[in-house]
Amino acid sequence: MITRKRPAAAVCALLAALTAGLAFPAGAVAGEPTGQDAPKVDLVLDVSGSMRARDIDGQSRMAAAKQAFNEVLDATPEEVELGIRTLGADYPGDDRKTGCKDTAQLYPVGPLDRTEAKTAVATLSPTGWTPIGPALLKAADDLDGGDGSKRIVLISDGEDTCAPLDPCEVAREIAAKGIGLTIDTLGLVPTAKLSRQLSCIAEATGGSYTSVQHQDELTDRVNQLVGRAADPVVTPVPVEGAAGCAGAPVLKSGLYTDREEFGQQRWYRVDVLPGQELRASVSVAADRAVNPGHGVLLRAVTAHGREIVRGEAAGNGRTDVISTGLRYPEPERDGTDGDKPAAERVCLAVTQSFSAASGVKSTPGLPLELTVDVVDGPSQAGDVASFGLGRGWWLLGALILTGFLAGLVWGWLSRWRVAVWRTN
């Protein structure tokens with residue numbers, strides 16, 4: 001009787017193979033070479049003595065960093081070449097000259113062996129100085145070569161102790177080389193002085209600064225930055241928004257950057273043809289200390305002042321970037337007015353309620369990044385709003401058909417087995 005189970009197993013295996021073939025067409029093969037250099041990320045971790053402080057969720061800063069690194073290493077995309085560099089990990093003495101040379105490559109930038117990288121991280125122990133400037137120079141060398149995206153993610157809990165080699169000037173020097181390298185910084189339970197230094201480093205290369213108070217915040221942010229390295233590199237276009245809709249600059253699809261004063265409103269205009277859809281999003285970065293409880297509002301308004309749609313988001317003071325977006329589908333119109341229908345001019349208004357903390361300069365304005373995308377609206381047959389399935393209808397139909405056939409075959413085999421059992 002055992003041999004009679006083989007036909008059922010073979011049929012199920014065949015149906016599974018057919019389902020896999022339907023769900024994953026042969027052209028979409030994972031790991032297929034793209035012909036471009038792999039994106040590179042160098043994680044630069046402060047392992048100075050101050051990382052012993054136990055003020056992150058009841059554990060030491062070092063323990064929180066290790067846990068975050070383990071989770072990040074598990075989630076790193078396969079196409080990203082990742083390395084780990086330390087600063088202040090080896091020299092415990094008082095000689096400043098020696099301490100300011102204390103930076104080493106813990107794991108070389110390249111294809112990631114997760115087990116080997118985790119083993120290297122596990123050996124770290126808080127030790128010495130904080131040579132941020134020298135570490136950044138060495139990290140830039142780690143990423144040298146190739147034309148793929150390059151990103152340094154610096155994680156530190158204290159300001160540099162190796163002046164006059166100012167790490168902010170080092171970041172500007174790296175940016176001036178034109179090698180397309182971005183430095184993002186994260187401050188662990190930062191002081192005001194550390195926040196200013198790390199913000200300056202990030203701003204010099206177009207990166208971002210994040211203040212971290214909890215281990216899950218550290219994990220999430222590093223994961224975002226490592227994943228972002230695999231995204232196509234897009235250079236934002238500088239633009240200056242107006243105080244009102246009438247004098248606002250007209251934008252096409254693309255990525256734009258601007259600066260907005262505290263509590264200010266900036267206006268931009270976009271032309272939308274009948275049948276097109278406007279998608280827009282905005283992010284405002286707190287590159288300095290701000291008061292908690294703030295928000296960002298993005299509105300689409302007609303030329304006559306009528307609000308069409310809005311998107312809004314609120315912050316709590318712990319994150320450095322707050323984003324929101326909107327979507328406006330323009331309905332089809334009759335072409336009776338001519339062969340070429342007139343475009344509708346939509347005004348985008350960006351308003352934020354950030355306020356400066358005590359003693360913080362309000363100028364220049366906060367960095368603002370605006371994404372505008374004008375695309376043809378979805379057709380009725382493939383409307384992405386159709387129960388949220390969009391073009392997934394064909395896959396759903398294939399799965400239903402496969403399940404139906406599998407049920408028929410399984411039922412027939414079951415009846416056949418019962419009949420054989422009764423005969424025996």
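On the surface of this predicted model, L401, F404, L405 and L408 come together as a nonpolar patch with about 400 Å² of accessible area between them. Patches here take residues with over 30% relative accessible area and no salt bridge, joining nonpolar side chains (Val, Leu, Ile, Met, Phe, Trp, Tyr) within 5 Å and like charges within 9 Å; the areas come from the Shrake-Rupley method with a 1.4 Å probe, and for residues only the protein chains shown count as cover. L405 sits in helix α9, residues 393-423. Helices (H or I, at least four residues) and strands (E, at least two) are DSSP runs numbered from the N terminus. With 39% relative accessibility, L405 is partly exposed, given that buried means under 20% relative accessible area, exposed over 50%, and partly exposed in between (1.4 Å probe, protein chains only).

A few ground rules apply. Residues are numbered from 1 along each chain as its sequence is written, and side-chain values use heavy atoms, with hydrogens and water left out. Local features need pLDDT of at least 70 and side-chain atom pairs count only at pLDDT 80 or more, while totals for chains, interfaces and linings use all residues.

How sure is the predictor, and where is pLDDT low? The protein chain averages a pLDDT (the predictor's confidence in each residue, from 0 to 100) of 82, and 82% of the residues score at least 70. Residues 1-35 fall below 50, and this stretch has 17 contacts in the model beyond near neighbours in sequence, a contact being heavy atoms within 4.5 Å. Residues 380-386 also stay under 50, with seven contacts beyond four places in sequence.

Turning to the inside, the largest nonpolar core (buried Ala, Val, Leu, Ile, Met, Phe, Trp, Tyr and Cys residues joined through side-chain atoms within 4.5 Å) has 31 residues, and L43, L45, I155, L186, L218, V222 and V226 touch the most other members. Two or more residues each come from β1 (40-46), α2 (61-75), β2 (81-87), α4 (114-122), β4 (150-156), β5 (181-188) and α8 (215-228). The most, seven residues, come from α2. Setting aside neighbours within four places in sequence, V226 contacts V41, L43, V72, T76, P77, V80 and L82. Another core of 28 residues lies apart from this one, with V239, L251, V282 and L370 among its members.

Then there are the charged pairs. The model has 14 salt bridges, each a side-chain nitrogen of Lys or Arg within 4 Å of a carboxyl oxygen of Asp or Glu. D142 pairs with R85, their closest N and O atoms 2.7 Å apart. D142 belongs to helix α5 (residues 132-142) and R85 to strand β2, so the bridge ties together parts 57 residues apart in sequence. R85 is buried at 5% relative accessibility, whereas D142, at 21%, is partly exposed.

D271 and R345 also meet in a salt bridge, at 2.7 Å from N to O. This pair links strand β10 (residues 265-272), home of D271, to R345 in strand β15, 74 residues away. A further bridge joins E277 and R327 at 2.8 Å. Since E277 lies in strand β11 (residues 276-285) and R327 in strand β14 (residues 321-329), parts 50 residues apart are tied together. E277 is buried at 3%, while R327 is partly exposed at 40%. Elsewhere, D55, R61 and D157 form one network through salt bridges that share partners.

Finally, S358 is in the loop between β15 (344-352) and β16 (366-376), and is exposed at 76% relative accessible area.
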